[in-house]
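Q: Please take a close look with me at one part of this protein. I'd like to know which residues sit against which there, and then how the surroundings fit in.

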Amino acid sequence: GAAATDALANDRGIWILRRPLTAPDRLVELVTLRLDDLDGGTVQVVDLLAVAGSLGFALLETLTSSDAIEDAERRGLIEVVEDGRRSEARLTHPLYGEVLRQRLPKSRTRRLWRALAEVLAATGARRREDLLRLARWQLDTGMHGDPALLARAAKRARQMFDMDLAARLGRAAVEAGGGVDAGLVLAEAEFSSGHHEEANRVLTGLVPLCANDTELVAVTNAQAYNLGMLMGDPDRALQVIDEALKVVADAGARLLLEGRAATTR
């Protein structure tokens with residue numbers, strides 16, 4: 001199927017995947033036949049797992065019902081596995097998720113994401129992976145996200161080297177009023193992705209928002225690093241540092257900037 005749609009192509013003896021794989025039409029038809037006779041509750045179970053990937057059993061039960069989960073499991077559509085002290089539900093085969101995501105209307109997908117985000121937020125999003133999932137679902141549904149949560153999620157995405165997601169979350173945190181902390185996360189995601197000019201633009205815009213020496217030094221340090229080390233413009237970096245030193249009074253903060261200046265010259 002990938003070869004037939006040119007998603008998979010041979011370039012001088014090397015097979016290259018040009019774009020994400022999608023299930024071929026014939027495979028969609030076969031899987032759809034198996035899913036078409038499900039009742040509404042079971043459909044809700046498999047649809048939720050298709051858009052979420054996997055869910056804690058208790059969370060899935062909150063959104064559906066024990067009978068629907070049992071029916072989906074009995075039909076071989078989902079499996080429930082033990083993950084430490086937690087039971088996790090997921091589709092038995094990735095193809096089910098691929099087919100379901102292709103045929104789900106966008107409006108229904110958004111409703112499912114919203115339901116997932118609301119229930120996960122109510123639980124406190126305690127597991128490590130919950131933070132990114134919650135933030136992503138809130139963005140995808142257009143929900144008004146908490147800037148602090150979005151900023152934390154952006155930091156987590158950056159730690160996982162998903163810079164596109166980190167930038168998206170960081171930008172959302174800034175737009176939600178996250179201030180300097182959110183802006184720094186966004187700028188770091190941008191310059192880590194090679195978007196140095198965009199990172200400098202973000203950092204320049206943060207300077208007037210700094211409320212104290214600590215924030216100004218953090219912004220200046222990041223901007224000088226981006227300009228001097230990544231963009232190869234030490235003169236601009238030193239100029240940024242000099243401007244900050246005119247107003248920074250804290251001795252420790254000044255030492256940090258002077259250290260950055262020493263490594264930039």
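A: Let's begin where helix α12 meets helix α14: Asp 213, Val 217, Thr 220, Asn 221, Ala 224, Tyr 225 and Met 229 of α12 touch Ala 253, Leu 256, Leu 257 and Arg 260 of α14, with contact meaning heavy atoms within 4.5 Å. By class, this contact has seven nonpolar, two polar and two charged residues (Ala, Val, Leu, Ile, Met, Phe, Trp, Tyr, Cys and Pro count as nonpolar, Asp, Glu, Lys and Arg as charged, and the others, Gly among them, as polar). This is a predicted model, where local features need pLDDT of at least 70 and side-chain atom pairs 80 or more, while totals for chains, interfaces and linings use all residues. Residues are numbered from 1 along each chain as its sequence is written, and side-chain values use heavy atoms, without hydrogens or water.

Helix α12 covers residues 213-230, and its axis lies 10 Å from that of α14, at an angle of about 5° (axes are lines fitted to C-alpha atoms, for helices over the stretch in contact, and angles between N-to-C directions run from 0 to 180 degrees). The two helices, α12 and α14, are therefore roughly parallel (under 35 degrees; over 145 is roughly antiparallel, 65 to 115 roughly perpendicular, the rest oblique). Helices here are DSSP runs of H or I with at least four residues, strands are E runs of at least two, and both are numbered from the N terminus.

Now turn to another neighbour of α12. Helix α10 (residues 179-192) packs against α12 at an angle of about 10°, again with the axes 10 Å apart, so α10 and α12 also count as roughly parallel. From α10 come Val 180, Leu 184 and Phe 191, and from α12 come Glu 215, Ala 218, Val 219, Ala 222, Tyr 225, Asn 226 and Leu 230. Eight nonpolar residues make up this contact, together with one polar and one charged. Notice Tyr 225: this residue is part of the α12 contact with α14 and also of the α12 contact with α10.

Helix α14 (residues 251-264) has a further partner in α13 (residues 234-245); their axes come within 10 Å and cross at roughly 165°. That angle is why α13 and α14 are described as roughly antiparallel to each other. On the α13 side, the contact uses Pro 234, Ala 237, Leu 238, Ile 241, Ala 244 and Leu 245. Facing them from α14 are Arg 254, Leu 257, Glu 258, Arg 260, Ala 261 and Thr 264. The tally by class is eight nonpolar, one polar and three charged residues. Leu 257 and Arg 260 deserve a second look on your screen, for both belong to the contact of α14 with α12 and to the contact of α14 with α13.

With the helices in view, have a look at the strands. Three of them form an open sheet in the order β3-β5-β4, with antiparallel pairing (two strands pair if DSSP finds at least two bridges between them). Strands β3 (54-56) and β4 (78-83) are the edges, each pairing on one side only, and the twist averages 30° from one strand to the next. Between β3 and β5 (residues 86-91) there are three bridges: Gly 56 stands opposite Glu 88, and Ser 54 has Arg 90 as its partner. On the other side of β5, six bridges link it to β4 in the antiparallel sense, and Val 80 faces Ala 89 there. Two residues separate β4 from β5 in a hairpin, and Gly 84 in that turn has a positive phi of about 65°.

A second hairpin joins β1 and β2, again with two residues between the strands. Strands β1 (residues 8-11) and β2 (residues 14-17) run antiparallel and share four bridges, one of them pairing Asn 10 with Trp 15. Arg 12, in the loop between them, has a positive phi near 55° although it is not a glycine. At 78% relative accessibility, Arg 12 is exposed (over 50% relative accessible area; buried is under 20%, partly exposed in between, with a 1.4 Å probe and protein chains only). Phe 161 is another non-glycine residue with a positive phi, near 65°; you will find Phe 161 in the loop between α8 (147-159) and α9 (163-175), and it is exposed at 68%.
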